[in-house]
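Me: I am new to this structure and would love a close look at one part of it. Could you walk me through the surroundings of one bound ligand, and then say a little about the metal site?

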Amino acid sequence: MSNLLAARAQMGTSLAFHIIFSALGVGIPLLLCIVEGLALRTKNPVWMMLTRRWARAAAILFAIGAVSGTILSFELGLLWPTYTKFAGAVIGLPFMLEGFAFFTEAIFLGLYLYGWDRLSPRAHWLCSFPIWISGLASAWFIVSANSWMNTPAGFVIKHGKIVDINPLQAIFNPSTPYETVHMILACYVATGFAVAAVYAFAFLRGKRSEYYRKGLMVGILMAVIATPLQMVSGDFNARYLADYQPVKFAAMEGVVHTEQGVPLKIGGLADPNTGQIHYAIEIPNGLSLLAYLNPDATVKGLDQVPREDWPNVLLVHSSFDGMVGSGLFGLLVAVLFWGLYWFKKRTFPENRLLLWGIVLAGPLAFLAVELGWMVTELGRQPWVIYGYLRTKDAVTTAPWLNISFSIFSLVYILLAAALIWLLRQVARRPLPQVKAVGEGYQVIEPNIVDAEEVGV
Amino acid sequence: MDVALVALIILWWALITYAVLGGADFGAGVWDLFAVGRLADRQRNLINHALGPVWEANHVWLIFLIVGLFNVFPAAFATLSIALFLPFTLALLGIVLRGAAFIYRYYAINSKGRFARLWGRVFSVSSLLTPFFLGASAAAVASGKLLPPNGIADATYIVSLISPFALTIGAMAVTLCATIAAVYLTIEARDTEHDKELAESYRLKALIAGAVTAILGALGLGLSSVESPILWHGMLIRAWPVVIITMIIGLATATTLYARYYSTARVLIIAETAFMLGAWGLAQYPYIVPINYTISNSANAPNVITAVLISLACGMIIVIPSLYYLFSVFKLPYPAPGLQRSANEQIEPQQKGAAS
Ligand code: HDD
Ligand code: HEM
Ligand code: HEM
């Protein structure tokens, strides 16, 4: 494995791992805030049971999010020093602001997770607001930095030196509004479906109490709000790409020659060297219509750049289809659930097929997030900063990168295995007895007698 | 006073804060390794309890440092990332495994089980590795021999990393973290756990670790006269008063600790670390990465640094009060807004009485 490939593989694995906890790190605090708010207002102990259980799982997920995020900050320097030198000079500001967002999030997380007995119920609930707001801010800043990589702005190159740097222009580069909105919605879609999937699975295994129904309803509610918005945002993204990142758009849609009235190709596999897509469902003039609302509009093909500057059409096209497909499946399941719910006069739909659909929609939503980032990052290849710095020139001169990649992959497998084992234990724990007392709640966590080995 | 210098001073304070807060976490991990014998379980519970709420907030200062460095001195950061590839990767592995191990042990339901003991071992060993590699890297940078003669960073050029000077400073970093942690834990044991015997055991550990740190510090100073001329001359011209103050504070820490004035000992150990790192900074001025990268030739454009400083100020306006609130709710003894109303205060001590 060449040094460059090992570096790209390690960066890709690190981000693919981190994004799962990032999406949950942005989504779960909002759910916690909603559920704890309901617990305080309705005095129904089931809401507080949900809050307590989710807070315990969230603590573990945030810690891994923080740890995997730290790896990324080191890796930007360790693997891509030339990129960091270039980006540090121009787009360093959002990384700094992102640092503050993490800091506030980590502080109020400490208060929220360990302050149950010390803080009054209202103060404890108020602590959840800075968490989801700063989670949102951290996502916005970091994705604006990534957007800058896709459409660099805010600097000028004069005989090889970066001059006239304008940090604000760099943050508000053309891609920022599109990518940040799409990413934040993706976090809510993924979190909503993940929570719904967990409780749908429990429901199918016979756990039918109010606790499980309420958990599922909150999750699928977030999903049914965020997913349609995500489709709209995705559509804007795609149309925006046609003008600002034509090569990525061409790779996504498998358009080889610049021509008029280009057909829309759904599915199918791209042949890596020719870029042609085979066995796809073709809708004549579909792409021109979708991108420019004019069936005869010209769509720039991959022939606008030399052959060696083409991104990997196979992966980018399939990732794009996978993302859109998973998103549509999720939307279908969520709409069906709420349709049945309203149609049957607000009774909880218990159709087994639908519940299995919700269980499937969870992992699929995360697949959409991963594939979405593959579209963005692989679609930008062979550049790391589009048009200015190629990926192969940004990689570090240090050897042993394949060893580093294997060590970090092992670390990630270790982290994932231990995490799943632990989350299953948290899920297996009997529910806490919760009693409304005065303004807040009296919660007695069942302590497991050590002898009684739970789980494994 | 140009903007880059202001930024560098702020970054140095972030380094000191990380050493004092993050360093204590690593030190606690080291004591977790040495928690044997009769007091072992009580010591481990104390460490778990003391670290819980503040773990993540302490660790973010390191990220702040990295981002600050590549914001203000991008060229120097790129060179450091290549030249220190090996120690930084190992330090990173330590941080990662340590962070994950702590969480898994803290949340493992069955704290006696194989799972918790395994991750407990990973936690303490990685708490030992990271400060060592960070200390060794700092020494390699300060020695001025980090870059090969041609001045182009090379990850395989590790002669300055395995020099006696670097190894001594690395070891000193570990014992310094252990001393800081031991002093914090004496106070934690006395104030929250009300466990005299535990406080005594940590007082003893703090004294021993403090003595070892002093010896290693003196050895490092001696070695630097031979191995890192830049640092030594910087020390002689500019930083010698700070070095002397560091030694005086060191003695003061030992005496207050011996006399059981633990709260003053905590303040003094923090001052000790601050002056020690201050002395290094002053001695190495104006170099970022000696001889090739100075503040002036590797600083970013002034308008960018001003933008960073402004965002720093806005960020601090949010972070400092929240951090203060975090510490006041968990660590400081006086009431803070939002705490349980006094009605619950009576229940708490009573519960505590029933629990212990
Ligand atoms: C869409 C959101 C998103 C994306 C694309 C990224 N992150 Fe992230 N990151 C978060 C959203 C997030 C978060 C939700 O804010 C986390 C997860 C859990 C947490 O505590 O904060 C986080 C944690 C986190 C931390 C630890 C903060 C702490 O200790 O709490 C660091 C240093 C980073 N990230 C750095 C990065 C870097 C260098 C990235 C890209 C190369 C990156 N993140 C991509
Ligand atoms: C969090 C979600 C993200 C995921 C899943 C992701 C995924 C990936 C993948 C798969 C690669 C390897 C692609 C290739 O090199 O062929 C990559 C590379 C890279 N990414 Fe991202 N990315 C994400 C966000 C970001 C962000 C926010 C940044 C920086 C602000 C970033 C910076 C980079 C850099 C510097 C590289 C290496 C250069 C390159 O390969 O283009 N990524 N990422
Ligand atoms: C009809 C549906 C969708 C369309 C048309 C669509 C379109 C796009 C496009 C064009 C990009 C690339 C943007 C860029 O590189 O600047 C993208 C990226 C992305 N998509 Fe989608 N998307 C859809 C649904 C979804 C869903 C359901 C999810 C997740 C649940 C998702 C998650 C992502 C993520 C995480 C990225 C990478 C981050 C970013 O660039 O903002 N997308 N999407």
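**The shell around ligand 2**

Reply: Happy to! Keep in mind that this is a predicted model. Let's begin with the helices: α1 (3–42), α3 (81–114), α4 (121–150) and α11 (352–380) of chain A each contribute at least two residues to the shell around ligand 2. Of these elements, α1(A) is a good one to look at, since the largest share of the shell, 6 residues, comes from α1(A).

Now to the residues themselves. There are 21 residues around ligand 2, and Arg8(A), Glu377(A), Leu378(A), Arg380(A) and Gln381(A) come nearest. Sorted by class, the shell has 14 nonpolar, 4 polar and 3 charged residues.

Some side chains also pair up with oxygen atoms of the ligand. In Arg8(A), a polar side-chain atom lies 2.3 Å from an oxygen atom of ligand 2. For Arg380(A), an N or O atom of the side chain is 2.8 Å from an oxygen atom of ligand 2. Gln381(A) likewise has a side-chain N or O atom 2.8 Å from an oxygen atom of ligand 2.

Finally, the metal site. His182(A), through NE2, and Met323(A), through SD, coordinate the iron atom of ligand 3 at 2.1 to 2.4 Å. This pair links distant parts of the chain: His182(A) sits in helix α6 (residues 176–204) of chain A and Met323(A) in helix α10 (residues 313–343) of chain A, 141 residues apart. The iron site is octahedral, with angles of 80 to 178° among its 6 donor atoms. His182(A) counts as buried because its relative accessibility is 16%, and Met323(A) is buried too, with a relative accessible area of 17%.

Key:
Residues numbered from 1 in each chain as written. Chains lettered and ligands numbered in written order. Predicted model: local features only at pLDDT ≥ 70, side-chain atom pairs only at ≥ 80, totals over all residues. Heavy atoms only, no water. Near = heavy atom within 4 Å. Polar contact = N/O pair within 3.5 Å; in protein donor to acceptor, adjacent residues only side chain to side chain. Helix = DSSP H or I, 4+ residues; strand = E, 2+ residues; numbered from the N terminus. Nonpolar A, V, L, I, M, F, W, Y, C, P; charged D, E, K, R; others polar. Donors = N, O, S within 2.8 Å, 3.2 Å for Na, K, Ca; no water. Tetrahedral: all angles 85-135°; square planar, octahedral: opposite > 155°, others 65-115°. Buried < 20%, exposed > 50% of the residue type's maximum accessible area, 1.4 Å probe, protein only.
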